[in-house]
Amino acid sequence: MKRSKNDREKRGSMKDKQYKVAVKYNSIHIVIMIFSLFIAAALIGGEIWRENKYNTHIAAEFVEVEGEIAEYKEFSNSEFTYYAIYYQYISPDGKIHKGFWNNDIYSEADAQAKIGEKVPLYYDKEFGVKKTVDEIENIKDIEKPDHIPGGVVIAICAAVFLNSLVKTVLYKANTKKN
């Protein structure tokens with residue numbers, strides 16, 4: 001039985017529609033692969049950053065050093081005037097560290113007398129200068145990062161990536177056969 005021209009056009013039209021659907025389906029898998037790869041790479045980078053931060057905090061070695069009071073500033077309130085004094089420490093690498101030391105001085109003469117006075121400080125090359133042991137303990141008091149949640153999400157992204165990769169390879173193999 002001979003097929004009419006309309007039947008052949010319909011059959012050709014159906015093949016074109018199926019081809020377009022397959023191309024769109026494959027394009028979606030390519031986007032999914034790129035997206036899952038991006039998410040996995042970002043998570044891996046985040047986990048590495050968290051681990052490095054933890055290691056830096058644990059490896060901190062503060063050394064007691066001697067700084068000196070370098071300056072003072074006057075502050076006024078409606079009731080009284082007080083003076084804040086600031087320390088200065090020059091680290092072995094030549095960097096100048098400055099910071100607040102105290103603000104319970106109520107006489108300019110007392111504040112001026114404090115300039116040049118030696119004060120105990122704690123120095124680490126990564127974290128700079130700290131005034132108290134409590135500040136050091138806050139730095140060292142960091143929990144080891146838990147990589148399990150990130151690892152689970154990375155595994156899910158890897159599974160999604162591999163699924164889309166297999167479907168894309170199968171699509172390419174089928175289109176080469178036809």
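In the chain, 60% of the contacts between residues at least 6 apart in sequence join residues at least 24 apart. The model analysed here is a predicted one. The chain contains 4 helices and 5 strands, and from the N terminus on these elements follow the order α-β-β-β-α-β-β-α-α. Of its 178 residues, 24% count as buried. The accessible surface of the chain amounts to about 13,100 Å², and carbon and sulfur atoms account for 57% of this area.

Two residues of helix H1, phenylalanine 38 and histidine 57, were examined. Helix H1 spans residues 5-59 and includes phenylalanine 38. Phenylalanine 38 has a relative accessible area of 57% and is therefore exposed, the cut-off for this class being over 50%. Along the chain, phenylalanine 38 and cysteine 157 are 119 residues apart; in space, a distance of 9.1 Å separates their C-alpha atoms.

Histidine 57 also belongs to helix H1. Its relative accessibility is 15%, so histidine 57 counts as buried, since that class covers values under 20%. When neighbours within four places in sequence are left aside, the residues in contact with histidine 57 are Phe127, Ile139, Lys140 and Ile142. One of these contacts, Ile139, falls within helix H3, which covers residues 133-140.

Two surface patches were identified, one negative and one nonpolar. The negative patch consists of Asp134, Glu137, Asp141 and Glu143. Of these residues, aspartate 141 is situated in the loop that lies between helix H3 (133-140) and helix H4 (148-177). Aspartate 141 counts as exposed because its relative accessibility is 66%, and the class of exposed residues begins over 50%.

The nonpolar patch has an area of about 350 Å² and is made by Ile148, Val152, Ile156 and Val160. Valine 160, one of its members, is located in helix H4. With a relative accessible area of 35%, valine 160 is classed as partly exposed, because this value lies between the limit for buried residues, under 20%, and that for exposed residues, over 50%. Valine 160 can nevertheless be part of the patch, because patch residues need over 30% relative accessible area.

Technical notes:
Residues are numbered from 1 along each chain as its sequence is written. This is a predicted model: local features need pLDDT of at least 70, side-chain atom pairs count only at pLDDT 80 or more; totals for chains, interfaces and linings use all residues. Side-chain values use heavy atoms; hydrogens and water are left out. Buried means under 20% relative accessible area, exposed over 50%, partly exposed in between (1.4 Å probe, protein chains only). Contact means heavy atoms within 4.5 Å. Accessible areas come from the Shrake-Rupley method with a 1.4 Å probe; for residues, only the protein chains shown count as cover. Patches are made of residues with over 30% relative accessible area and no salt bridge: like charges are joined within 9 Å, nonpolar side chains (Val, Leu, Ile, Met, Phe, Trp, Tyr) within 5 Å. A salt bridge is a side-chain nitrogen of Lys or Arg within 4 Å of a carboxyl oxygen of Asp or Glu. Lys and Arg count as positive and Asp and Glu as negative; His and the chain ends are not counted. The place of a charge is taken as NZ of Lys, CZ of Arg, CG of Asp or CD of Glu.
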